[in-house]
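User: Got a minute to go through this model with me? I'll start with the DNA side and then jump around.

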2 protein chains.
Amino acid sequence: MGTKAGKRVTAADVARSLGLSRATVGFVLNGTTEQRISEATRDRVLAEAARLGYRPHTAAQALRRGSSRLILLIIPDWPVDFSVSKCVEEASHTLEEAGYSLVTQTHHPVGTARPLWELLDPEVVVGFAPFTPDDVTAMQGCGVTKIVPGLEPNPSTPDPLGLHDGPRLQVEHLRARGHERLGFAATSDSRVSGLVESRLAAAQEAAAASGLPPLVVRTVDGSPDAAGQAVQDWLRGDVTGVVAYNDDSAARVIGAAIRAGRDVPADLAVIGHDDSPYTALFVPSISSIRIDYAGLGRHLAELALHAATGQPLSGDGVDAATAVVARESTAS
Amino acid sequence: MGTKAGKRVTAADVARSLGLSRATVGFVLNGTTEQRISEATRDRVLAEAARLGYRPHTAAQALRRGSSRLILLIIPDWPVDFSVSKCVEEASHTLEEAGYSLVTQTHHPVGTARPLWELLDPEVVVGFAPFTPDDVTAMQGCGVTKIVPGLEPNPSTPDPLGLHDGPRLQVEHLRARGHERLGFAATSDSRVSGLVESRLAAAQEAAAASGLPPLVVRTVDGSPDAAGQAVQDWLRGDVTGVVAYNDDSAARVIGAAIRAGRDVPADLAVIGHDDSPYTALFVPSISSIRIDYAGLGRHLAELALHAATGQPLSGDGVDAATAVVARESTAS
DNA sequence: TCTCACAGCTAGCACGTGCAAGTGGCCGTG
DNA sequence: CACGGCCACTTGCACGTGCTAGCTGTGAGA
């Protein structure tokens, strides 16, 4: 179909084929309003571009306009990938409508892979979690100036993703089922320590607000019987409900309780966080917190666009759709 | 530190700062062997480039040399993300040594997000699974000519990733534990139907090779009690061991068996596939197949480099490190 | 008929890079 | 001393695009 064999179709090809200048073609294809182009010419150009299968050369555009229109999302190496894809999909979609594209990279702290910001020069780098100072200086050294979150001198929201609601819902759910003394199942995985701290703090806050005593914190992984020990501690302390940092921790608690001959939820009710796909497969099935990943994706996209173009933030939080998914592990 | 304020450092800046021509700087930075450059000048250039913090402009390079040196890996929307990151990390590393960079995108068949190959114009697009004809023509329309796998007119390996060993190991593991009549737990998830077929075929082949009767195939999801029905069918048919398509299917089978008052593995032994992190958390813990994701990543990288540069394939398969992880669900 | 505004188009530069072709100086040889 | 060869470097083009400044033709007004 192409007039030239195997070569890329450029705007010059379209122009030549119509006997017009390349500039005219450029004006039409960019929809420039500075320059008036007659309707007839505009149509001819568009038709011919479509016929030849013209695609703008991204590298040339990036070079000329000095911006790649790329947004890089750094995904931490958390074991929550199953749901991140929803979030990314939604963020991509929102960004596309603004003419930007989203590229993701999973960031391994110990990994040796070169970060993509070195060679895509994205306009904005977005992360789920704040970046380390090292990462920030590395990015700045590569010309990345817009980093979200992590550069605001006076951050209005300490938690840029606004995910406080999950732990609160966990606590309130257990309390509604009659559990007053609660435990918190933490992980020793250092990759997510910040997230654990954040969720624990939110849970403690919710407990205090509900007039409950502070949660008894135990780590449920790391050593072979950490979970068993935690369960024993909790039961001795009359803890009847456990808020788990995530579904993995919840599964560990439940497994240890069953192996200790206890019944879940009769002896110990457990609720996880993130609503991993396998929570429904467990016996007993695990209650959890479903996060609105689509909303989170839109929120991330908005933050990125705000950084890129100064577009104002819509302001509606992302917590709205966070909800408890009640299953057997907290049945009353 | 920069001589100019806030602007990108170009090769011309380095040249000007040294009183040399831009070409000389270019030759040094590219390590061109065509053109001899004195050792002294070379050192001066490198030192000055480092001092000024010079970074080549990727878009300009891509424009000039006509290739982006990017390789796009399309990750299917399978629920196996947890381990893909290992694979990607390793592939990135291998590709970097060859001067290429890896960008990944999760591909949602129903998603509306624009595929990245439209705007990164990657040199090669690699996929875990063969692409659909639609995708292939879309890529070709965007100038992507090198697609792996899926373009070989006479494919020597029907399974480009060479993952036949897993199902064979599952069958042999159950057989070694004394199970002769086996079932196969499939999923109705259409996204992975090709993978299911492939694993089932490999399992049937292994059964035949071991002199076992064909596996009794049942789907264990889709309807609420599909797994319960499957378990009932198997037990009635004297099936004592189940090869599951993946760990999710295995978990469904085990859950259904327990809820039916059966014991796993005494009444029914089950082995999963992929060694998902949660297999160890189940009660009983789930035996599974660990795949060498690092090796798979290197293999993918090799395939990509082969397509990009014609570099020969090393030939050693990726199956070598595939292994059974024996847990409670198949204990004898 | 001449002028002038203006719609509609074109010439051409700049972006930063990779590399082919050219240029000047130095040295060895006849 | 002339000349060729070679080293070390420079000039300059091309990649495809976005966009500014300029150019041409037409019609209206004087």
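User: Which helices each supply at least two residues of the surface near DNA strand C?
Analyst: Those are α2 (22-30) and α4 (58-65) of chain A, plus α2 (22-30) and α4 (58-65) of chain B. Helices here are DSSP runs (H or I, at least four residues), numbered from the N terminus, and "near" means a heavy atom within 4 Å. Keep in mind it's a predicted model: local features need pLDDT of at least 70, side-chain atom pairs count only at pLDDT 80 or more, and totals for chains, interfaces and linings use all residues. Residues are numbered from 1 along each chain as its sequence is written, chains are lettered from A and ligands numbered from 1 in the order written, and side-chain values use heavy atoms, without hydrogens and water.

User: OK, how many residues surround strand C?
Analyst: 27, with T24(A), Q35(A), R22(B), Y54(B) and R64(B) the closest.

User: What does Y54(B) do with a phosphate oxygen there?
Analyst: A polar side-chain atom of Y54(B) sits 2.5 Å from one. For A11(B), a polar backbone atom is 2.7 Å from a phosphate oxygen of the strand.

User: Switching topic: is T330(B) buried or exposed?
Analyst: Buried, because its relative accessibility is 0% (the cut-off is under 20%, using a 1.4 Å probe and protein chains only).

User: And which side chain does T330(B) have a polar contact with?
Analyst: H173(B), at 2.8 Å. A polar contact is a pair of N or O atoms within 3.5 Å; within protein, one must be able to donate a hydrogen and the other to accept it, and residues adjacent in sequence count only if both atoms are side-chain atoms.

Notes:
Buried < 20%, exposed > 50% of the residue type's maximum accessible area, 1.4 Å probe, protein only.
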